[in-house]
Structures are given as structure tokens and as C-alpha cells.
Amino acid sequence: MAKHTVIPFGPQHPVLPEPLHLDLVLEDERVVEAIPQVGFIHRGLEKLVEKRDFQTFVNITERICGICSFGHSLGYSQTIENLMGVEVPPRAEVLRVIWHELSRVHSHLLWLGLLADAFGFENLFMQCWRLRERILDIFERTTGGRVILSACNVGGVNQDITNEDLRGIVHILEGLVDEYNELVNTFLTDSSVANRLRGVGYLSKDQARDFCTVGPFARASGIAEDIRSYGYGGYGLLSAFEPVVAEEGDGYARCKVRALEVLQSIQIIKELVEKIPDGELSVRVKGSPVAGSVAVSRLEQPRGECFYYAKGNGSKYLSRFRIRTPTAQNVAGMVHTLQGCDFADVPLNILTIDPCISCTER
Amino acid sequence: MDPQVFFDSELEQLLLRVQDYQQRGWRFVNLCGSSVEGQVELLYSFAQGKQLENLRLLVSNEQSVPSLSAIFVNSFFFENETHDLFGVNFKGLAPNFGGRFYPTSVPTPMNPASAQAQARLQEVEALAQVPSPSSPEQQERQDG
């Protein structure tokens with residue numbers, strides 16, 4: 001029997017932007033077991049809901065994570081609106097989707113850059129992050145913030161984007177698509193990329209279903225599930241929505257799904273800019289959630305389905321708020337893909353899941 | 001808007017109901033604990049496509065809850081989390097981090113009524129009653 005060695009991996013590692021620790025049990029150069037450990041940045045933000053007004057808590061949800069910040073404010077607002085039966089104005093619904101899809105574009109570009117950096121393609125990394133800057137510029141122009149947007153509130157949105165500015169955003173995105181297609185071409189056809197990603201971290205469709213994986217991780221294994229296809233909020237205005245799916249189930253497929261989702265998000269924004277209705281931006285939410293009232297909500301974050309739960313107690317404070325992030329759901333699948341892989345592939349394998357530990361620990 | 005479907009369940013029926021979800025092709029979405037008057041309310045969520053259903057049950061601090069990890073592997077993350085933050089004990093949990101999943105400065109911070117939190121409170125109270133040894137400088141000042 002070969003000798004087993006335990007190698008600690010993380011929480012600080014050049015390829016990991018987030019603090020995740022793994023105890024890797026190796027047999028020669030092959031991983032036979034991976035034991036995950038989180039808890040390095042647990043901040044107890046869910047507990048804070050008991051001491052913050054439910055209307056202002058949206059500002060805290062935005063600060064859960066720097067990448068999914070708009071998504072969390074949107075998920076929280078949606079949940080409270082479900083809890084209190086608030087009807088959001090149609091223009092606000094569409095503006096929310098536009099910011100949310102821009103967030104997805106910037107998150108995927110960030111991830112593609114990190115992936116390129118991880119397999120040593122420095123130039124590709126810089127090109128991805130150069131394009132991402134344009135999305136951050138749009139955020140700054142429309143909300144004043146590049147990371148924390150403070151655009152969403154319970155009942156609607158805080159700012160409008162004029163129709164002229166919306167057309168300007170579409171123009172910027174059209175210019176971005178031309179340059180982005182060249183990068184997609186490199187990611188999907190370059191042999192050096194394929195050599196590092198093909199066959200790495202394979203997860204079959206049945207395994208993806210058994211591990212209840214979500215988001216691009218699941219869609220790369222052939223599971224055609226995307227919460228956006230259920231038409232919540234402004235997504236209901238889309239003429240059609242088909243999730244981006246790949247069948248290979250490996251790192252290359254995850255890269256492909258995310259690369260194509262950027263183009264899909266830009267298409268969504270273009271369609272919604274044409275269809276955006278005029279009208280109010282927000283409705284005033286009066287009163288407090290009824291004692292014992294509960295509500296749930298789901299949202300397709302860049303990393304996958306995010307689940308929110310809120311419970312009222314008759315006061316302006318909630319008695320419970322819960323966020324289940326996509327990474328928490330994908331950890332079991334990620335650990336499975338590590339079993340049997342080469343030690344050298346571990347960093348890249350983890351990166352293809354795009355774990356976000358800030359969101360997961362809250 | 002997601003459907004707001006909540007069912008109450010008994011602890012004894014939990015595994016049967018979860019197995020039923022699994023056999024019908026539903027997936028496990030979330031486990032959420034809430035502290036309710038000295039007890040813990042557990043909310044299990046399951047989804048299939050657009051459908052979303054939630055099972056709610058109330059457990060006391062002394063009860064052991066059967067783990068879902070043999071049915072839905074990914075539940076281990078949430079059960080370890082609920083154990084560390086609420087003090088709920090899960091039977092058959094694998095992998096079981098034994099309380100070291102989330103290192104917390106106080107036991108079960110989301111459930112102050114748990115047995116672990118109460119034991120810690122008693123320890124702190126007992127320590128507060130022991131007079132602290134004074135430093136040589138303080139002793140000198142008192143004597144002088």
C-alpha cells in the first residue's frame with residue numbers, strides 16, 4: 001500500500017482569492033481525499049439582522065461580498081417584498097435586472113482573468129480585467145460606486161438610468177463584445193488552455209444531480225437549470241431564455257459556460273433596454289413584517305442559485321434572515337472532483353468551481 | 001416570485017419525507033436554523049425546477065436530529081453549521097467536524113439557550129466571583 005501524505009492547502013494560496021482550507025490526503029501525486037475547512041472570515045452578519053432596521057439592512061447585505069454585492073441587495077429586497085406583499089414598479093424591476101446582469105458580466109470576466117492567471121496566461125488575464133474595467137465604469141457612471149452600488153432598496157431602486165444613458169450602455173457593451181469575442185476564441189480554441197482544462201475535475205450529470213450542485217458548475221455537467229428561466233422580476237419581459245449548458249463536465253466546460261454567459265447577459269441587457277417601461281422607481285414600504293410571517297426567495301447569482309429566507313416578528317427588526325450561497329451548495333461536488341485528481345491540478349480544479357467564501361460564511 | 005410553500009413536520013417523519021423528495025427527483029436546497037423560545041426551528045428547503053417547498057420542525061436542545069447526509073451529501077455543510085451556531089446535534093452526520101466547522105468565540109452564538117452556551121455562561125459567572133490576584137504594585141500601594 002502506498003504511503004499517504006496529508007498536505008494542507010490554503011487558506012492563503014496564490015491561486016485562491018478567498019480563504020478556503022483543504023487537507024489533501026495524497027497517495028503519491030494523486031489526491032485520495034480532500035477535507036474542506038471554512039470559518040476564517042465568519043462575520044455573523046445574519047445575526048446582525050436582529051439589531052438593524054429591515055429597510056436599512058439592505059446596505060449590510062451589499063457588503064457581504066464585493067463581487068456579488070448587487071445580487072445580495074436584490075435577493076434581500078425580493079425576500080422582504082415577498083414577506084410584505086410589496087409590488088415593485090416595472091421600471092425598477094428592469095433596472096434591477098440590468099445592474100444584476102452587468103454584475104454577472106464583471107464577475108465572469110474577473111473569474112476568466114483569474115483562471116488565465118492560474119494556468120500562466122498572463123496576457124489573457126490582463127485583457128479580461130481590462131474589459132472588466134468598462135463594466136465598473138458603467139457602475140460608477142450610473143450609481144457612483146464601482147463595487148458597492150447602493151442602487152437597490154426594499155420596494156424598488158434608488159437611482160434611475162435615463163433612456164439615453166441606457167442606449168449609451170448598450171453602445172459600450174457592443175464595443176466590448178467585439179474585443180471579448182477574441183478572448184472567447186482564445187479560451188475555447190487555444191491548445192494551451194485546452195491542455196490545462198480538458199478532463200480536469202470531471203463531474204458527470206448524475207453526480208452533479210446527486211450533489212445538488214448549482215450554477216455554471218451544474219450547467220457544465222449538462223443540468224439545464226437556471227433560476228432566470230422562471231421569469232422572476234424583469235426576466236419575465238424576455239422573449240426567450242435558454243440556459244447555457246455544456247456536456248463535458250470538466251474544467252473546460254465550466255470555462256465555456258461562463259464565457260458564453262457573458263454574451264448571453266449582454267443580449268439580455270440589450271433586449272431589456274428596448275423594452276424598459278417608463279414609470280415609478282420605487283414604492284414606499286410602510287409598516288413592519290407581521291409577527292410570524294416568513295418568506296423565501298431565489299436568485300441566479302453569477303455562481304449559481306442563491307436562496308434567501310426571512311422571518312418577521314412584528315417589529316422593524318427581523319427575527320431571522322438567512323442566505324444560502326451557491327458555493328455552500330457546491331462544496332460537496334467540489335470535494336468529489338478533487339478525489340482522484342493530480343496534486344498539480346488541485347488549484348485549477350478549485351478555481352473552476354469559482355468558490356466565494358465571503359458569501360458562504362457571511 | 002418563488003412559491004411560498006411551508007409544511008410542518010414531526011421529527012420522526014423527517015427522514016421519510018426527505019427520502020420521498022429524493023425519490024421524486026427533488027434536490028436539497030437549504031437548512032436554516034432559528035432560535036425560538038429556547039428551542040430551535042429547523043427549516044429544510046427542497047426544489048425541483050420552479051417548485052420550492054419548505055419543511056419546518058421544532059426541536060429541543062436535548063433532541064438528536066437524524067442527519068440527511070446519507071440521502072443528500074451536500075447537507076453536511078449546513079448540518080455542521082447548524083450544530084456550531086445553534087447547538088443542534090445531528091445523528092449520523094458525515095463528515096462530522098465535531099464543533100470545529102466554524103470557530104466561534106462563544107458557543108452556539110445564534111442560540112443562547114443551548115446547553116453549551118448555558119454551561120459557558122455558568123463558567124464565566126463562576127470566574128467573575130473569584131477575586132483577581134492583585135499585582136505587586138497594587139499590593140504595595142494598598143500596604144503603603
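**Reading the chain A and chain B contact**

Student: How many residues does each chain bring to the contact?

Tutor: The model is a predicted one. In it, chain B gives 40 residues to the contact and chain A gives 34.

Student: How much area do chain B and chain A bury between them?

Tutor: Buried area is the accessible area that two parts lose on being put together, summed over both. Here chain B and chain A bury about 3100 Å², and 57% of that lies on carbon and sulfur atoms.

Student: Which three residues supply more than any others of the area that chain B buries against chain A?

Tutor: They are Arg27(B), Phe77(B) and Met110(B), which together supply 18% of that area.

Student: Which elements of chain B supply at least two residues each to the side that touches chain A?

Tutor: Three strands and a helix do: strand 2 (27-36), strand 3 (39-48), strand 4 (51-59) and helix 2 (75-86) of chain B. Strand 2 of chain B has the largest share, with nine residues. By class, the side of chain B that touches chain A holds 24 nonpolar, nine polar and seven charged residues.

Student: How many salt bridges are there between chain B and chain A?

Tutor: A salt bridge needs a side-chain nitrogen of Lys or Arg within 4 Å of a carboxyl oxygen of Asp or Glu. Between chain B and chain A the count is four. Glu81(B) forms a salt bridge with Arg322(A), and the closest N and O atoms of that pair are 3.1 Å apart. As for polar contacts between chain B and chain A, there are 17 residue pairs, counted with both residues at pLDDT 80 or more.

Student: Now a helix pair. At what angle do helix 9 and helix 11 of chain A pack?

Tutor: Helix 9 (residues 251-275) and helix 11 (residues 346-353) of chain A pack at about 35 degrees, and their axes are 9 Å apart. The crossing is left-handed. Helix 9 of chain A makes the contact through Gly251(A), Arg254(A) and Arg258(A), and helix 11 of chain A through Asn349(A), Thr352(A) and Ile353(A). By class, this contact has one nonpolar, three polar and two charged residues.

Student: Which backbone details should I look up in the loops?

Tutor: In chain B, a cis peptide bond joins Ala94(B) and Pro95(B), with omega about -5 degrees. Pro95(B) sits in the loop between strand 6 (89-91) and helix 3 (115-129) of chain B. In chain A, Ser150(A) has a positive phi of about 50 degrees, although it is not a glycine. Ser150(A) belongs to the loop between helix 4 (122-143) and strand 4 (152-153) of chain A.

Notes:
Residues are numbered from 1 along each chain as its sequence is written. Chains are lettered from A and ligands numbered from 1 in the order in which they are written. This is a predicted model: local features need pLDDT of at least 70, side-chain atom pairs count only at pLDDT 80 or more; totals for chains, interfaces and linings use all residues. Side-chain values use heavy atoms; hydrogens and water are left out. Axes are lines fitted to C-alpha atoms, for helices over the stretch in contact, and angles run from 0 to 180 degrees between N-to-C directions. Helices (H or I, at least four residues) and strands (E, at least two) are DSSP runs, numbered from the N terminus. A crossing is left-handed if the near helix is turned anticlockwise from the far one by less than a right angle, and right-handed if clockwise. Contact means heavy atoms within 4.5 Å. Ala, Val, Leu, Ile, Met, Phe, Trp, Tyr, Cys and Pro count as nonpolar, Asp, Glu, Lys and Arg as charged, and the others, Gly among them, as polar. Buried area is the accessible area (1.4 Å probe) that two parts lose on being put together, summed over both. A polar contact is a pair of N or O atoms within 3.5 Å; within protein, one must be able to donate a hydrogen and the other to accept it, and residues adjacent in sequence count only if both atoms are side-chain atoms.
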